[in-house]
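The following exercises concern helix geometry, helix ends and the setting of one side chain. Each task is followed by a solution in steps.

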Amino acid sequence: MLISSKINAEFNAQIGHELANSNQYVAIAAWFDGESLKGLAKLFYKQAEEEREHAMKFVEFILDTGGKVEIPAIPAVQNTFASAEAAARLALDAEERTTAQINDLMTLAIAEKNYAAQNFLQWFVNEQVEEIATASTNLDVIKKAGPNVLMIEAYLNHINK
Ligand code: FEO
């Protein structure tokens with residue numbers, strides 16, 4: 001086995017975190033969809049898919065290194081939001097939490113001198129820079145639009161052309 005049982009366990013936990021993020025983003029997307037904000041809904045449905053892909057990267061790495069995949073229980077997510085801003089803030093909070101989790105995993109991989117795990121995790125370190133930037137921009141744009149959420153839809157249509 002190319003990973004310790006400790007890394008194996010922590011990576012399994014991260015699969016749970018990534019799947020929880022995926023579920024949370026489906027819930028946010030569905031809430032936007034229910035509010036007829038299709039652009040925002042599309043953004044978060046896509047993000048939900050990406051989180052599932054993140055989980056699958058951990059699944060593949062654990063298997064490739066001879067570990068055992070054990071998917072943990074996934075906690076319930078938030079399904080209703082006071083506003084678009086509240087939903088976007090929740091997403092940014094989730095990404096900040098994920099960044100801290102990835103950093104902790106990297107710290108563990110460095111402590112164990114596991115270079116394969118470090119190399120694998122580097123992709124996530126870079127990805128989190130993007131994820132935080134995107135989540136921050138989303139929140140910023142939503143805050144700027146204030147109560148006029150249809151402005152956000154117009155903005156998303158514009159930047160996705
Ligand atoms: Fe998988 Fe958005 O972090």
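Helices are DSSP runs of H or I with at least four residues, numbered from the N terminus. The model is predicted.

**Exercise 1. Determine what follows helix α4 and what caps its N-terminal end.**

Solution. Just after α4 comes Gly146, which takes a positive phi of about 60°. At the N-terminal end, the cap is Asn114. A side-chain oxygen of Asn114 lies 3.3 Å from the backbone nitrogen of Ala116.

**Exercise 2. Compare the expected span of helix α4 with the distance between its end C-alpha atoms.**

Solution. Helix α4 comprises residues 115-145, which is 31 residues. The expected span is 1.5 Å times one less than the number of residues. For α4 this gives 45 Å. The end C-alpha atoms of α4 are 45 Å apart, so the two values agree.

**Exercise 3. Classify the packing of helices α1 and α2 by their angle.**

Solution. Helix α1 covers residues 5-34 and helix α2 covers residues 38-64. They pack at an angle of about 165°, with their axes 8 Å apart. Angles over 145 degrees count as roughly antiparallel. Therefore α1 and α2 are roughly antiparallel to each other. Their crossing is left-handed.

**Exercise 4. Decide whether Gln101 is buried or exposed, and identify what it touches.**

Solution. Gln101 is located in helix α3, residues 84-111. Its relative accessible area is 17%. Buried means under 20%, so Gln101 is buried. Leaving aside residues up to four places away in sequence, Gln101 touches Gln14 and His17. With Gln14, the side chain of Gln101 makes a side-chain polar contact of 3.4 Å.

Definitions and conventions
Residues numbered from 1 in each chain as written. Predicted model: local features only at pLDDT ≥ 70, side-chain atom pairs only at ≥ 80, totals over all residues. Heavy atoms only, no water. Helix = DSSP H or I, 4+ residues; strand = E, 2+ residues; numbered from the N terminus. Polar contact = N/O pair within 3.5 Å; in protein donor to acceptor, adjacent residues only side chain to side chain. Buried < 20%, exposed > 50% of the residue type's maximum accessible area, 1.4 Å probe, protein only. Contact = heavy atoms within 4.5 Å. Axes fitted to C-alpha atoms, helices over the stretch in contact; angles between N-to-C directions. Parallel < 35°, antiparallel > 145°, perpendicular 65-115°, else oblique. Left-handed = near helix turned anticlockwise from the far one by under 90°.
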